[in-house]
Amino acid sequence: MRIGRIITALLILASTDGCAAMPIFTQSAFIAENIAGKADFQKEYVDAAGFVLMTYQKFKGPSENIRIYIEGDGKAWKTKRVLSDDPTPSSPIALQMAAVDTSNNVAYVARPGQFPAPGSSNCNPTYWSVRRFAPEVVSSINKVIDVLKEKSGTRHVELTGYSGGGALAVLIAAQRNDVIALRTVAGNLNSKMLCDYHRVSRLGGSMDPIDFAQKVKNIPQRHFIGSKDKTVPFAIAESFVKEEGDTDYRRITIVNGVTHNCGWAARWVKLLSMPLDAGPKE
């Protein structure tokens with residue numbers, strides 16, 4: 001399609017000797033536009049609680065539910081110790097999964113600083129580092145969800161979060177009463193434990209999803225972990241579901257052959273069909 005040809009031309013231009021390289025966030029934006037265009041998504045920026053967040057939306061018709069996908073941390077860091085200038089993901093995994101979802105009402109929400117709106121002011125880098133799960137970030141995405149619900153005319157919300165988006169999905173679900181399904185993919189469900197695992201500083205100013213496990217334990221849910229994921233190991237999801245009371249790990253599915261950021265979109269249609277665990281009966 002035409003967008004694909006434009007992307008190819010621009011990527012060639014970016015690598016041609018004597019030409020200025022295209023900023024990486026511009027490349028990433030075109031890649032996202034290509035994914036979204038093939039899925040008939042419409043882009044909209046939503047101004048919510050101090051952040052302007054980029055969304056993609058596809059509303060086909062009346063439905064009780066809307067499925068909302070929350071992106072991962074993206075390019076938060078250049079290296080283990082150097083913060084990125086722009087956290088826009090070069091491969092937006094949550095968008096790739098949303099694009100293959102055939103539900104009537106589907107939306108994708110990017111994180112603060114990702115895919116910045118033209119002419120918008122710079123986002124504070126703390127919101128893709130230590131404050132990535134701060135209360136104000138959760139509040140902003142919550143307001144975006146309210147907007148998406150109203151536009152789609154739906155009553156209930158199904159949340160899917162990839163990586164750090166999984167943490168936010170839990171934190172958002174803990175504050176709402178309309179979430180009927182919670183899915184995380186390679187999700188950061190215990191940020192203190194994950195930071196200790198990678199031997200990096202803990203996220204001061206952020207909330208930790210493990211602290212809200214009891215609040216969401218009655219929401220039907222499933223947590224997918226890649227068998228080859230070295231970024232978010234099984235122990236992270238294990239700690240979360242144990243805190244919920246799931247000592248048999250019924251809520252966790254290990255997906256063979258998948259790493260942290262490779263293989264999810266190709267498996268997603270099948271994974272979406274898996275039943276959710278409703279939790280212990282009280």
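This briefing describes the cores, the open and enclosed spaces, and four individual residues of the structure shown above. The model is a predicted one, and every value below was computed from it. Its largest nonpolar core holds 49 residues, its largest pocket has a volume of about 1,000 Å³, and the count of cavities of 30 Å³ or more comes to one.

**Nonpolar cores**

- Within the largest nonpolar core, which has 49 residues, the members that touch the most other members are Ile68, Ile141, Leu159, Leu168, Ile172, Val216 and Phe240.
- Helix α5, which runs over residues 164-173, supplies the largest share of this core, namely seven residues.
- A second core, separate from the largest one, is made up of 27 residues, among them Ala94, Leu95, Met97 and Ala98.
- Leu168, one of the residues of the largest core with the most contacts to other members, touches Ile70, Arg111, Arg132, Phe133, Val137, Val138 and Ile141 once residues up to four places away in sequence are set aside.

**The largest pocket**

- The largest pocket, with a volume of about 1,000 Å³, is lined by 34 residues, of which Asp73, Ala76, Trp77, Arg132 and Thr231 are the closest to its centre.
- Helix α6 contributes the most to the lining of the largest pocket, giving three residues.
- Sorted by class, the lining of the largest pocket consists of twelve nonpolar, 14 polar and eight charged residues.

**The second largest pocket**

- The second largest pocket has a volume of about 400 Å³, and 20 residues line it, with Gly113, Pro116, Ser121, Asn122 and Cys123 lying nearest its centre.
- Eleven nonpolar, seven polar and two charged residues make up the lining of the second largest pocket.

**The enclosed cavity**

- One cavity of 30 Å³ or more is counted in the model, and the space in the largest cavity comes to about 30 Å³.
- The lining of the largest cavity is formed by Asp73, Ala76, Arg111, Pro112, Gln114, Tyr127, Trp128 and Arg132, and by class these residues divide into four nonpolar, one polar and three charged.
- Asp73, Ala76 and Arg132 line the largest cavity, and these residues are also listed with those closest to the centre of the largest pocket.
- Arg111 and Arg132, which appear in the cavity lining, are also among the residues that Leu168 touches.

**His260 and its polar contacts**

- His260 sits in the loop between strand β8 (252-255) and helix α9, and it counts as buried because its relative accessibility is 10%, where the cut-off for buried is under 20%.
- The side chain of His260 makes two listed polar contacts with other side chains, one with Ser163 at 3.0 Å and one with Asp229 at 2.9 Å.
- Apart from its neighbours within four places in sequence, His260 is in contact with Tyr162, Ser163, Ala186, Asp229, Thr231 and Val232.
- Of these contacts of His260, Thr231 is also listed with the residues closest to the centre of the largest pocket.

**Ser191 and Lys192 in helix α6**

- Ser191 lies in helix α6 and is buried, with a relative accessible area of 5%, whereas Lys192, which is found in helix α6 (residues 191-198), is partly exposed at 29% relative accessibility.
- Setting aside neighbours within four places in sequence, Ser191 is in contact with Phe133, Leu203, Met207 and Asp208, while Lys192 is in contact with Arg202, Asp208, Ile210 and Asp211.
- The side chain of Lys192 makes a polar contact of 3.4 Å with the side chain of Asp211.
- Lys192 and Ile236 are 44 residues apart along the chain, and their C-alpha atoms are separated by 9.8 Å.

**Leu276 after helix α9**

- Leu276 belongs to the segment after helix α9 (264-272) and counts as partly exposed because its relative accessible area is 27%, which falls between the cut-offs of 20% for buried and 50% for exposed.
- Although their positions lie 95 residues apart in sequence terms, Leu276 and Ala181 are 7.6 Å apart from C-alpha to C-alpha.
- Beyond its neighbours within four places in sequence, Leu276 is in contact with Ala181, Arg183, Pro220, Gln221 and Arg222.

Key. Residues numbered from 1 in each chain as written. Predicted model: local features only at pLDDT ≥ 70, side-chain atom pairs only at ≥ 80, totals over all residues. Heavy atoms only, no water. Core = buried A, V, L, I, M, F, W, Y, C linked by side-chain atoms within 4.5 Å. Buried < 20%, exposed > 50% of the residue type's maximum accessible area, 1.4 Å probe, protein only. Helix = DSSP H or I, 4+ residues; strand = E, 2+ residues; numbered from the N terminus. Contact = heavy atoms within 4.5 Å. Polar contact = N/O pair within 3.5 Å; in protein donor to acceptor, adjacent residues only side chain to side chain. 1 Å grid on protein atoms, 1.4 Å probe; cavity = no way out; pocket = protein on both sides within 12 Å on 5 of 7 lines; lining within 4 Å. Points joined across faces, edges and corners; volume = space filled by probe spheres on them. Nonpolar A, V, L, I, M, F, W, Y, C, P; charged D, E, K, R; others polar.
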